[in-house]
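Trainee: I would like a close look at one part, the salt bridges, with enough of the rest of the chain to place them. Please give the cut-offs as you go.

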Amino acid sequence: MIVVGALVTAGAASPAVHTTDRYLSSEVLMIQPPVSEYAPNPVTGLYPSIAVTAATIANRLNTPDSQDELRSKGVTGTYKFEPRNTGTRQEPRYVIGSMSITNISSDEADGLRSLQILSTTYAQELKKIQDDWNVKKDLRITVATLVPPTATLLTHSPLRSLIGVALLGTVLTSAVALWTDVALLRRRRRAKGALSTADSPNWTDQLVRSAP
């Protein structure tokens, strides 16, 4: 049993150590209101309703149907739209409409290209909502880049993976070996009990009463 456990652990260690590099691509967008003479700085005109609109689009693009559509556009790896809560303790309900877009891919260039598709699709969805509501051009909410796209290699330690697999294999092998020993011990005890019963005398003759 120990030999089998060691072989299984060694087989699992190879793929755990030799893993494919993965890249985390990320970008942060800001959903900002239109600029007017009364609010020349878009940041000063942010309202929670804009953040709610941004979150609604994110929820729609995270659905399985939207994932299939984005795959057809060329998005690879796994992606996520996540609204960022930038409220404060003094004003926890005042949430700036910023959106974090992340993509995890096995290739850096594919990750950045997928990120571009995701951000473009997000802007198109925002435009489509306003088109459906016939919002005037000078009153429309727009998308701006808050943090430019970047790609980072996700660190992977082969030594840690090897140690983790070895520890897990040792624990599982020990548990299986202990369980097997207990099961065999119980079986031997039952066999001994059955043998003792079979070897015991079986008195079938009638007892003869001695003479007085």
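Mentor: What follows begins with the whole chain, turns to the salt bridges, and ends with a buried strand pair and a charged patch.

The model is predicted: local features need pLDDT of at least 70, side-chain atom pairs count only at pLDDT 80 or more, and totals for chains, interfaces and linings use all residues. Residues are numbered from 1 along each chain as its sequence is written, and side-chain values use heavy atoms, with hydrogens and water left out.

The protein chain has five helices and four strands, taken as DSSP runs numbered from the N terminus (helices are H or I with at least four residues, strands are E with at least two). Along the sequence, their order is α-β-α-α-β-β-α-β-α. Of the 212 residues in the protein chain, 25% are buried. Buried means under 20% relative accessible area, exposed means over 50%, and partly exposed lies in between, with a 1.4 Å probe and protein chains only. The protein chain exposes about 15300 Å², and carbon and sulfur atoms supply 60% of that area. Areas come from the Shrake-Rupley method with a 1.4 Å probe; for residues, only the protein chains shown count as cover. Among contacts in the protein chain with a separation of 6 or more, 71% are between residues 24 or more positions apart. A contact is a pair with heavy atoms within 4.5 Å.

Now the part you asked about. The structure holds five salt bridges, each a side-chain nitrogen of Lys or Arg within 4 Å of a carboxyl oxygen of Asp or Glu.

One of them pairs E125 with R60, whose closest N and O atoms are 3.1 Å apart. E125 belongs to helix α4 (residues 108–132) and R60 to helix α2 (residues 48–61), so this pair ties together parts that are 65 residues apart in sequence. The two partners also sit differently with respect to the surface: E125 is buried at a relative accessible area of 16%, whereas R60 is partly exposed at 39%.

Another salt bridge stays inside one helix. R113 pairs with D110, with 2.1 Å between the closest N and O atoms. R113 and D110 are three residues apart in helix α4, which means about one helical turn separates them. R113 is partly exposed at 47% relative accessible area, and D110 is partly exposed at 23%.

Helix α4 also carries the pair D132 and K128, where the closest N and O atoms are 3.3 Å apart. K128 is partly exposed, with a relative accessible area of 44%, while D132 is exposed at 53%. These two residues lie four residues apart in helix α4, about one turn of the helix. Salt bridges with shared partners also join K127, D131 and R140 into one network.

For contrast, consider a buried strand pair. I101 is in strand β3 (residues 98–105) and is buried, with a relative accessible area of 0%. Its C-alpha lies 6.1 Å from that of V28, although I101 and V28 are 73 residues apart in sequence. Beyond its neighbours within four places in sequence, I101 has contacts that include S25, E27, L115 and S119.

S25 is in strand β1 (residues 23–32) and is likewise buried at 0%. Past the residues up to four places away in sequence, S25 touches, among others, I101, T102, L115 and A151. E27 lies in strand β1 and is buried at 6%. Apart from neighbours within four places in sequence, the contacts of E27 include M99, I101, L115 and V147. I101 and L115 therefore appear in the contact lists of both S25 and E27, given the 4.5 Å limit.

The last item is charge without salt bridges. R186, R187, R189 and R190 gather in a surface patch of positive charge. R190 lies in helix α5 (residues 158–199) and is exposed, with a relative accessible area of 57%. A patch takes residues with over 30% relative accessible area and no salt bridge, joining like charges within 9 Å and nonpolar side chains (Val, Leu, Ile, Met, Phe, Trp, Tyr) within 5 Å. Lys and Arg count as positive and Asp and Glu as negative, without His or the chain ends. Each charge is placed at NZ of Lys, CZ of Arg, CG of Asp or CD of Glu.
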